[in-house]
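Please read the following report beside the sequence and the structure. It moves from single residues in loops to sheets, helix pairs and the contact of the two chains.

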2 protein chains.
Amino acid sequence: MAEQEGLTVKKADNFSEWYTQVVEKAELSDIRYNVKGFVVFRPWAVMSMELMYDALERELQAKGHKPVWFPAVIPESNFSKEAEHVKGFAAEVFWITEAGSQNEKLEERLALRPTSETAMYGMYSLWIRSWRDLPLKLYQRGQVWRYEGKATRPFIRSREFYWIESHDVFATRGEAEAQVTEDMETTRATVHDKFGVPFLFFQRPEHDKFAGAIHTYAADTIMPDGRVLQLPSTHLLSQDFAKSFGVKFKDKDEKEQYVWQTCYGPAVSRIFAAVVSAHGDDKGLIIPPEIAPTQIVIVPIHNDQTRDAVLVEARKIKADLEKRGGFRVELDERDGYTPGWKFNYWELKGVPLRIEIGPRDIEAKQVVMVRRDTGEKKGVPVAKAFVLAKAALRNVQRELTKRADKGFKQQMRKATTMRALKEILREKGGMVKVAWCGEADCADMIRAETDGGTVRGTLLGEKQADLAGRKCVYCKKPAAAEVYVARQY
Amino acid sequence: MAEQEGLTVKKADNFSEWYTQVVEKAELSDIRYNVKGFVVFRPWAVMSMELMYDALERELQAKGHKPVWFPAVIPESNFSKEAEHVKGFAAEVFWITEAGSQNEKLEERLALRPTSETAMYGMYSLWIRSWRDLPLKLYQRGQVWRYEGKATRPFIRSREFYWIESHDVFATRGEAEAQVTEDMETTRATVHDKFGVPFLFFQRPEHDKFAGAIHTYAADTIMPDGRVLQLPSTHLLSQDFAKSFGVKFKDKDEKEQYVWQTCYGPAVSRIFAAVVSAHGDDKGLIIPPEIAPTQIVIVPIHNDQTRDAVLVEARKIKADLEKRGGFRVELDERDGYTPGWKFNYWELKGVPLRIEIGPRDIEAKQVVMVRRDTGEKKGVPVAKAFVLAKAALRNVQRELTKRADKGFKQQMRKATTMRALKEILREKGGMVKVAWCGEADCADMIRAETDGGTVRGTLLGEKQADLAGRKCVYCKKPAAAEVYVARQY
């Protein structure tokens, strides 16, 4: 199954083609599955995404969430209960209508869940009785399915994707608002601090909220071609869900109240697309050590005569690294491939650290260490291999994140005219700060005139400038907010 | 959400009612989801099943398997490619036929996967080219969906269940046969050694094989009511799948050959039913330490005056147990509940070890340890708490397994007449060894006459007795094999 051929395109020259090649040649996904919009996720990507799941789930559990598994099917009557929600999702639903060898019609159509609010909240109404039952913080990992028309791109967009959805319930709006802040912090602690992907959180404009939310806060990252990719979003829900599904509790005064709810949806498969895109280079992937299926690959260098001696030593080093550091180490013992071929293979796969060992190294009681991100190569004493490998991995993790952060900052710009906005989006991409009147129509016109530039919303944590006298970049009416515009995936 | 009420039935008196109560009161599953055959799996069960997944996945990966995520939908044309397989599964398939808000008909119906052979093997034909690509050993974790008519019982049987399916490919039949043996070993190393559930592997008779297999080997455990529950099965597939999907490789002589395949499917949600049933008692669950979401619960005993001092000490002990032993520890700090209420609560939940600490314990520099399985209670010095907790958990794990093994052995019997067979199955249940002619018709008659006793097949590893002169227990024709008969779930 080993692909021997490297990438034939440079990332900076043609990102789209680079992405296609790296997904295929590093064996991340196969797009040849014969249902439109569905792809196969291959082991190298799955192992990394499982580590991403681990990081997210640890973080959620540490903050009091518990895992749950709800059915993947939602009866049409549930799905239709909340008016805004059904309007927002109806176009994207796959319907199960029959079953069995006689194609027996089901009594009621079943939606393959596009998201689980309408699966979960009916049960919440049974579980929640009193203020003592709150807060209730549950999440589930798994797939959702959305029948959407946009072109399929593995990890970026497909009709089946992998995520976590967390659904939390509170007695007060204040607690729900605090949860939304906690979700953003969870995103930082994982997506940025462990996966090395920079992003900013925006409060989405009214016309771009989640179906059934008061406020939607979504993280955007910037891809190498200057377009943004939406990452996790968290939503302060209106009480309409609670009313539709009867989610009520008795407060301390025995008075019945509707609950306040939030939901948060980090899409692991999509975040993986951002990881691939942020860190990779012209040789292939570079996976941050925190989520690399293999953190250290050992490539033995030998001929038939020296084979056994070299492998004995290499296995010792592997065992030592695993035992002392808990590292994920692979020793590439495959015969019939040259060391050079193996170097290329593991570089394409993005393993952050390589250790080479041959007969002369053994004699000199050393190994050669090569960092994937910088290509830096040095001989180190075997006795120090563990300490230096640990330091190297820490450095790779830090440097990858720093480099990505720096690139991200350079893609943040401002414009005061449509002409400047258009030019920046055309020439450079990235995010462009403009003043905006707040009208959806105006956002539509900006989109049309900039070949797809969408209003991402107001930047969280950014102090709004004094808007007195400022005009909307498009319609010139008084500005309601400073927002960012970007072309999106 | 805390249920305060304990079980109102004894396990030995009415196992079925006991199971229903423990599932509800320990908050393992909720059967009130409004789609027939679908249930919600609640956090306490999910956390334990996640630990079961971990154990199984670690074992599979150590044996060279890699994880993969295939689509949950299978186009009808794939699904129908292998004749035996489609015959076996057609009656159990949910069909997706339309999508979107206009109920647009899909070009082709999509099966919600009941199992993934027909999703995976077409892709295998693209990935496998040469003997160098073999063996290929992949697995995926996730749900499958089966439209079946039997009554829903949480974990035991529902229309959506959670499993791992591993699909392996080899150059020779010999290697495939060795894989089947490895799968049985994997089952022992997890289901028995970590989950404490005893079972035996049977080679299923011809009429009860997996659709598309040469041989099916399935593990059966015995439930407390004497009926057996099928646990993981592993299948030596015929080459018909390889032929239907074109899975071929060039051997070392450049000759094209069809591959040999196996598949193995441990159903985690069902194995959990066996865990619940094997170990629980009249107070509720007892979860083996290896897969207990909480291994040690600390219950502080205090009044308002002593509260702070006791909690400080309890938190210290918790931190020490977590840090030194990596144990999963919960300190129940909830106010408004008596210690007695908390004891009952955690006993119902099946936490294997409880530590109590109050002001007098602090004075005496001790804590009280209580084993869930035996109820054994003793004071131990704080300084020894870690060592003794570790030993206690090891002992609970071992004793639970031993007790289950012993109960299982007592349920293995023999019969030489239909009358004896009927009597044993009616009075005691369990597995009964009989001689059998090998005919499916005869198995049907045995089933009819024994109120559901099915032929489980020949016991793996058991030497077949000399059958000369032996007659089938039912038809009295010459016996072809010694097999076991049992009533099943």
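D451(B) is found in the loop that lies between helix 14 (440-449) and strand 22 (453-459) of chain B, where helices (H or I, at least four residues) and strands (E, at least two) are DSSP runs numbered from the N terminus. Although D451(B) is not a glycine, its phi is positive, at about 55 degrees. D451(B) has 10 other C-beta atoms within 10 Å and is therefore exposed; a residue counts as buried if 20 or more other C-beta atoms, placed from the backbone, lie within 10 Å of its own, as exposed if 12 or fewer do, and as partly exposed in between.

This is a predicted model, in which local features need pLDDT of at least 70 and side-chain atom pairs count only at pLDDT 80 or more, while totals for chains, interfaces and linings use all residues. Residues are numbered from 1 along each chain as its sequence is written, and chains are lettered from A and ligands numbered from 1 in the order in which they are written.

**Further loop residues**

E27(B), in the loop between helix 1 (15-25) and strand 1 (29-30) of chain B, is not a glycine either, yet has a positive phi of about 55 degrees. E27(B) is partly exposed, with 17 other C-beta atoms within 10 Å. In chain A, D251(A) occupies the loop between strand 12 (248-250) and strand 13 (256-258) and is partly exposed, with 13 other C-beta atoms within 10 Å. Beyond its neighbours within four places in sequence, D251(A) is in contact with W131(A), A171(A) and Q257(A), a contact being a pair of residues whose C-beta atoms, placed from the backbone, lie within 7 Å. D251(A) and A171(A) are 80 residues apart in sequence, but their C-alpha atoms are 8.0 Å apart in space.

A cis peptide bond precedes P135 in each of the two chains, as tabulated here.

| Cis peptide bond | Omega | Place of the proline |
|---|---|---|
| L134(A) to P135(A) | near -5 degrees | loop between helix 5 (117-127) and strand 7 of chain A |
| L134(B) to P135(B) | near -10 degrees | loop between helix 5 (117-127) and strand 7 (136-145) of chain B |

**Sheet and hairpin of chain A**

In chain A, 11 strands form an open sheet of mixed pairing, in the order 3-7-8-14-11-10-9-22-23-21-20; two strands pair if DSSP finds at least two bridges between them. Strand 3 (66-67) and strand 20 (412-414) of chain A stand at the edges with a single partner strand each, so one side of each has no neighbour in the sheet. Strand 3 of chain A pairs with strand 7 (residues 136-145) of chain A in the parallel sense over 2 bridges, and P67(A) has Y139(A) as its bridge partner in strand 7.

W163(A) belongs to strand 8 (residues 160-170) of chain A and is buried, with 23 other C-beta atoms within 10 Å. Leaving aside its neighbours within four places in sequence, W163(A) is in contact with V144(A), G265(A), P266(A), A267(A) and V268(A).

Strand 18 (residues 366-371) and strand 19 of chain A pair in the antiparallel sense over 5 bridges, with V368(A) opposite its bridge partner G379(A) in strand 19. These two strands of chain A form a hairpin with 5 residues between them, and G375(A) in the turn has a positive phi of about 75 degrees. Of the 5 residues of strand 19 (residues 377-381) of chain A, 0 are buried, so the strand lies largely in the open.

**Helix pairs of chain B**

Helix 2 (residues 43-62) and helix 6 (residues 173-192) of chain B pack at an angle of about 150 degrees, with their axes 10 Å apart; axes are lines fitted to C-alpha atoms, for helices over the stretch in contact, and angles run from 0 to 180 degrees between N-to-C directions. A55(B), L56(B), E59(B) and L60(B) in helix 2 meet T186(B), A189(B) and T190(B) in helix 6 of chain B.

The axes of helix 9 (residues 307-325) and helix 12 (residues 385-409) of chain B come within 10 Å and cross at roughly 65 degrees.

**Contact of the two chains**

The contact takes 47 residues from chain A and 47 residues from chain B. On the side of chain B, the largest share, 6 residues, comes from strand 5 (residues 94-99) of chain B. Strand 5 (residues 94-99) of chain A and strand 5 of chain B run antiparallel and are joined by 5 bridges, with I96(A) standing opposite I96(B).

Technical notes. Contact = placed C-beta atoms within 7 Å.
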